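Colleague: Got a minute to walk me through this one? I'd like to start with a helix and work outwards.

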Amino acid sequence: MKRIVLIPLLALAALLVAQPPTTSWPTYHGDYTGRRFSPLTKINDKNVSGLSTAWSYKTGVGGGLKSTPLMIDGILYFTAPDHVWAVDARNGKEIWHKAFATKGGWHIGNRGVGINGNWLFFLTPDCQIISLNLKDGSERWRKQNCDLDQFYYGSMAPMIVKNKVIAGVSGDDLDRPGYLTAYDPETGDQKWRWSVVPLKKGDPGSESWPNEEAMKHGGGMTWQMPTYDPDLNLIYITTGNPQPVIAHANRKGDNLFTGCVVALNADTGKMVWYFQASPHDTHDWDSTQVPVLIDGEIDGRPRKLLAMAARNGYYFLLDRTNGKNIVTAPYTKPNWAKGIRPSGSPEPDPAKQPQVDGALVTPNQGGATNWPPPTFSPQTGLFYVSASRAFSVYYIFDPDLANPQGWGGTDRGGATLSSSVEAIDYKTGKIRWSHKWETPGGRGGLLSTAGNLVFTGDNSSNFVALNATTGDPLWHAKLTSGVSNGAISYELDGRQYVVVGAGDTLWSFAMKK
Amino acid sequence: MRTLWVCLVAAVLAGAQEPASVFQNVCGKCHPPEAVVTPRSRTEWQDTITKMVDLGAKMSPEERVILLDYLSATYAPGAAGPRGGRAGRGGRGGGPTLNGAPLDRHVVDPEAANRGRAVWVAECIECHGTSARGTDKGKNLIQSDMVLHDRYGSTLVPFLAKGHPMQSGRKSSALSKLEVADLSHFIHERVYDTLRGSPIFQPQQLLTGDAKAGEAWFNGAGKCSTCHSATGDLKGIGGRYDTATLQGRFLFPRGGGGRGGRGGGGGGGKQLTLTITPPNGPAVTGAPVVFDDFDVSVRDEKGEVHAFTRSPQLKVVRNDPFAMHDQLLDVYTDKNMHDMLAYLVTLK
């Protein structure tokens, strides 16, 4: 069998920003930019009607396959909570599968693995970071990434940057601080750890909390996969909501650096800049959406940009060298902000914060979008995001109004009025086209390709290809469940594949031979 | 043009389904079972199922009823849970797992927690507060790593043995191991009560509106009286639901209440229908079975399914009885919403 020679990942660093690879999919996002754009054109808007199933692999493990497979040297590596698989990328045959006995932790999903050389890294729900041999899945080392007793858990896919394994934490139930850690890939020793929230008075951001007790328990989980600019040596990490999540009387202030995009020095883990998408969030709107790196042009000048469509309903465009805001624009119709600050952050409307008797809010807790990846096509200049317009009522439940803990309330009821793919002009934040699904509710991740296609899922278990320029649906395959991750694409032996997860099955599509 | 006529015998399907299988088949598509076990009241399960449907979960009306019954019974706060080994080690009162807590964790014995409450009131409450959340004089114990790592006194016993101030002036080392274990049960109960799904995780006072203003909105700006009547379809509605459910139902009738769920008949039996007109055939109207960019099929009143491939020549019209409710979501102020609730609860 023909094998593609693997280029060492470190050497790929520059390539991963300039041009995503075509014969591999070496990181969660496909490259370091988070654009999830494939330059492959063999499958395109002219011939996509000939796309058909190449193979499928059923994991047999319940729960949606939320992992993005990494494809290296003809093999796909992917996960579910407590499980890792290696599957032949040409035919879907299992090469190895490892299952791990769990000690607990929320099994809500696992986004996948990070790979460095011959070694693979992943997080377990019960707070371990584990390194496996790529060849046979044998375990090399494991370290504790968080404390299960504190209701943390693991779900994100580690990212490899400059010989470091970058891993975040999940957990939203008991007022714990979020953090991001860099581990040595060889030994698992900690190289640096960045705390999302300040831990003592005087630390940067501490002015946005009422006291040390509040900031030390202030949340901000790090469960989205970061992006990275090798030229600037900056890691871009997005952070979750503050805690207590819904009832908020004991955390007055903006609650930095929750609900933010933060740029960290990759060598030291020190913060270089931040931008807050949701100051003092009270709606469980983690800002953990993908910070997409775009090398674009604004007012005729080439700029290093960062774009994010946040769960709170706003699209942001930033200068990624310094975090300065260029565009803030709603991409659904959020009703929770009463204006935009000079910094570009929306200003929360106190009336739309959760109330004892309820506040009618849009987006709902699920958000205008959520973790499923968006995509950016440099060909069309469009940022594509899976969007929902939904309302719900936010209540405060905790009778201890002055000192709530945990969540202290939630939203109830709700209606999703529409679900769509929104194609946003990255420069202006204006919607270029919107494709509404007939049946609302879908939340598929997205992939764009140089074949003028956008791949995603609708709410009727279809895997769909849209025309990237117009949004017209061009092709679909009926799957056994809704799309549950973001698709990837690669070329092997001259054949382009598109691979997507739905339910417990990984599906592969290619042109009929 | 392709037209298929399929007879459905839905009741057979419903009768044949085991609740646990429905749970696996419907919820298991997106969640492993471990993720679906936060204990919730029946009302909360109803809300959760509605939310899942909004997020794309697929289930028939019959499955929805089966699921609601199953989840409400199996995953109620303090329920036994479905799986012996795991559930037996679960959270408060031996219940199911709590939001991904460790399998090896302190399981609260309610009787021991009650005994611990007496120790708490006698020795701890002045500094650590009623709910163990601390005061100016003492730490928040539900945030204490030592408490979270404790199992039946494993960390508290050695800590208190070293000496810790107590209200009565007694030495903390004088507390028996059993008393400390009871205290541990009481404090862990406070921790678990903080979590989503706990018995205290419920709406409080929702009735803050002005019933008269609500009535005026109902008959005036809200245009509710165009379709509804306080003495007709809504007669007695204030007595049929708790206030939180009632609020959900008038705001979000499409999903609120659930078909056959608590109170039953969500949306008054109304549902979205489609009228499909092929270029060379009669129009058919029915509830959507499949409705996407490529295919559309409806189940008509007789239970027959009519399926079509979509094309520009195939006319599809939505008949949405909830369209006005959807539009109102952009119109309501929170005051309108509170006033409407205050008015509707008077319709007894």
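Colleague: Which residues of α6(B) are buried?

Modeller: Keep in mind this is a predicted model. In α6(B), the buried residues are B:Ala113, B:Gly116, B:Trp120 and B:Glu123.

Colleague: And where do they sit, seen down the axis of α6(B)?

Modeller: They fall within an arc of 90 degrees, so they line one face of the helix.

Colleague: What do those buried residues pack against?

Modeller: Two helices of chain B: α7 (125-128) and α10 (177-194).

Colleague: How far apart are the end C-alpha atoms of α6?

Modeller: They're 20 Å apart. That agrees with what you'd expect, because 14 residues (110-123 of chain B) at 1.5 Å a residue should span 20 Å.

Colleague: OK, new topic: the chain contact. How many residues does each chain put in?

Modeller: Chain A gives 60 residues and chain B gives 57. On the chain B side, the elements giving two or more residues are α3 (42-54), α8 (145-149), α13 (243-251), β3 (284-291) and α15 (334-344).

Colleague: What classes of residue are on that side of chain B?

Modeller: There are 23 nonpolar, 20 polar and 14 charged residues.

Colleague: Last thing, the cores. How many residues has the largest nonpolar one?

Modeller: It has 137 residues, and those with the most contacts inside it are A:Ala307, A:Met308, A:Phe316 and A:Phe383.

Colleague: What does A:Ala307 touch, leaving aside neighbours within four places in sequence?

Modeller: Its contacts include A:Val292, A:Ile294, A:Leu317 and A:Phe383. There's also a second, separate core of 38 residues, with A:Ala337 and B:Phe218 among them.

Technical notes
Residues numbered from 1 in each chain as written. Chains lettered and ligands numbered in written order. Predicted model: local features only at pLDDT ≥ 70, side-chain atom pairs only at ≥ 80, totals over all residues. Contact = placed C-beta atoms within 7 Å. Helix = DSSP H or I, 4+ residues; strand = E, 2+ residues; numbered from the N terminus. Nonpolar A, V, L, I, M, F, W, Y, C, P; charged D, E, K, R; others polar. Expected span 1.5 Å × (residues − 1). Buried ≥ 20, exposed ≤ 12 C-beta atoms within 10 Å, placed from the backbone. Arc of directions from axis to C-beta. Core = buried A, V, L, I, M, F, W, Y, C linked by C-beta atoms within 7 Å.
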